Structures are given as structure tokens and as C-alpha cells.
Amino acid sequence: MTSILTLHRVTTLEELEPLYHIGADAFCDDPCLNWFYPGGRNHPEDFVVLWKNILRMEFFDKGRFILAATAQDPNNETHPGMVIGFAVWERDGVCEAARSWQGTSLSKRLKRFYLNLKIAYTFCLDTPHRSLSWSKLNHFQHELRTAKAGQPTETWYLGILAVSSKAQGQGVGKKLLQWGIDRSEEEGIPTTLVATDAGLRLYESTGFERTGWLFFDDKRQKQTIMRRNTQST
Ligand SMILES: CC(C)(COP(=O)(O)OP(=O)(O)OC[C@H]1O[C@@H](n2cnc3c(N)ncnc32)[C@H](O)[C@@H]1OP(=O)(O)O)[C@@H](O)C(=O)NCCC(=O)NCCS
């Protein structure tokens, strides 16, 4: 029986929780994460802690739009359904339209500050410290910032796309991707992202083109920087 797929915006930390496990599951074989978080394979619980903190940082960041995909049994509409994938979209830019997506409150900024302190404690002093290579993470973050700086100022940027391994290949990723493409088309601005090899085929099939590489692991491995222009860009 085919389930009904719906998308909704994540607006509470409670709604964010199922996404920790989806991120850890979808990215467990990702070469880049396994490079800067080498202990994650031997300590799957550390991998979930990493995803919890990645997603909480996104949640409290400016201009983020976290979209969850839920599969619902059409014969049991009273059941809330199961979250099977998510996307983190980001409206970058300085124009009025961008600012209308970026609204950030003082309370959110304070929570973000507190979260940064907790993250420093978790990954410097607590158990997950064993899994992370700070120097590799810093290298990757620097490369990512450089990749983003080379993109157009006004853009919808896809920060994360993850679909639970059991639900892949059924159009969930495409639907989460299409949401941001639709916003870009409405505004007439490009959609941008940095693709893992696992996502390349999906992005190419929806009109994204390579604009550069993001190298890691002493240039032995890379991700693909991509852009999809609209008719007016
Ligand atoms: C990449 C990912 C999000 C794709 O999600 P998905 O739900 O499996 O993708 P879909 O089912 O929507 O596939 C959409 C299209 O891409 C194609 N596709 C998806 N994954 C593919 C793969 N591994 N190989 C070949 N084609 C693939 C599908 O055939 C489909 O094309 P079609 O509509 O013409 O049939 C998912 O595989 C994932 O979470 N991977 C691990 C995390 C990751 O790398 N995320 C990307 C970060 S940039």
C-alpha cells in the first residue's frame, strides 16, 4: 500500500528529535563525515550526538527552514505518521525578501550562544571527543565557507538533505529538493548546494550544474559545488 507523503516545517525542538536518527542513518557511510568524525563508525551513539548538535545549530541559526517529510498510512489517518527524511534550506542574501526569511530574535541568539558552549564541552571534554578530529572539521568548515562565498549573494542554499536508508529511492529526496527549487523559481534566484556523491544523480536530474569542487582529505576526496539557475538568472 502506498503511503501519503507530506512536508511540514519543523518549529520545535521536539519535532527536531526524529531527525537526529535520520541524519545519523543516512550519512553513516558518507566519506566526508567519516573523515572528520572517524570514531562515528565504531561509536554509533556518538554519531547521533553529532547529528543532534548539527541540527540544533541549524535550528537556532538565521534564515534556516527545516523541512521534514512524513509518510502516513492512508488507512490510519489518526496515526501521526513517521518522519522519513528532511532538508535544511537557507535563504541567503541581503535584500528585503531574504530578510523576511531570516528574522532572528534575541532569545534565539542567546540559545545559540548557550548551545555553542554545550557543544564545546561535549566535543572537547565529554565522551564524543573520542570520535571527532577538530583539525579536519576546521578544514572542512573553512572549505565550505569558501565554497559558499563563491555563490551568488541572493540564493536558496540546500544545507542538508537526508532520507532514511529504508525510505530511499521512493521520491522523498526529490520532493524535499523541489520545495527549495520552487522558492527559487518564485523569486527568480539560483538554488545552490554542495553535493555528496550520493546526491549527485538527483541534483543533475533536476537541472543543477557543477560550478566547482570542495576538496578534503588532502585533496584525495571531493564534493561537488552546484548551482541551478532559473530562467531569469
Ligand atoms: C541523496 C538522497 C537524499 C536521495 O534521496 P532519495 O529519496 O533516495 O531520492 P529520490 O528517491 O527522490 O530520487 C530522486 C531521483 O534521483 C535518482 N537517484 C537517487 N539516488 C540515486 C542513486 N544512489 N543512484 C542513482 N540514482 C539515484 C532516482 O532514480 C530518482 O530519479 P527519477 O525521479 O528520475 O527516478 C538520499 O539517498 C540520502 O539521504 N543519501 C545519504 C545522504 C546524502 O548524501 N545526502 C545528500 C547530501 S548533498
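In what order do the seven strands of the open sheet lie? The order is β1-β2-β3-β4-β5-β7-β6 in this predicted model.

**View 1. The open sheet of seven strands has mixed pairing.** At its edges lie β1 (4-9) and β6 (209-216), each of which pairs on one side only. On average, and with direction ignored, neighbouring strands of the sheet are turned by 25 degrees against each other.

**View 2. Strands β4 and β5 run parallel.** β4 covers residues 155-163 and β5 covers residues 191-195, with three bridges joining the two. One pair to locate is Leu-158 and its bridge partner in β5, Leu-193. Helix α8 (residues 197-205) packs on the sheet, where it touches β4, β5 and β7 (221-228). The direction of α8 makes about 150 degrees with that of β5.

**View 3. Strands β5 and β7 run antiparallel.** Five bridges join β5 to β7. Thr-192 has Arg-227 as its bridge partner in β7. Strand β7 is mostly covered, with six of its eight residues buried. Helix α8 is among the elements that touch β7.

**View 4. Strands β6 and β7 form a hairpin.** The two strands run antiparallel and are joined by seven bridges. Phe-215 is matched in β7 by its bridge partner Lys-222. Four residues lie between β6 and β7. Asp-217, in the turn, has a positive phi of about 60 degrees. Of the hairpin strands, β6 is an edge strand of the sheet.

Methods: Residues numbered from 1 in each chain as written. Predicted model: local features only at pLDDT ≥ 70, side-chain atom pairs only at ≥ 80, totals over all residues. Pairing = 2+ DSSP bridges. Axes fitted to C-alpha atoms, helices over the stretch in contact; angles between N-to-C directions. Contact = placed C-beta atoms within 7 Å. Buried ≥ 20, exposed ≤ 12 C-beta atoms within 10 Å, placed from the backbone.
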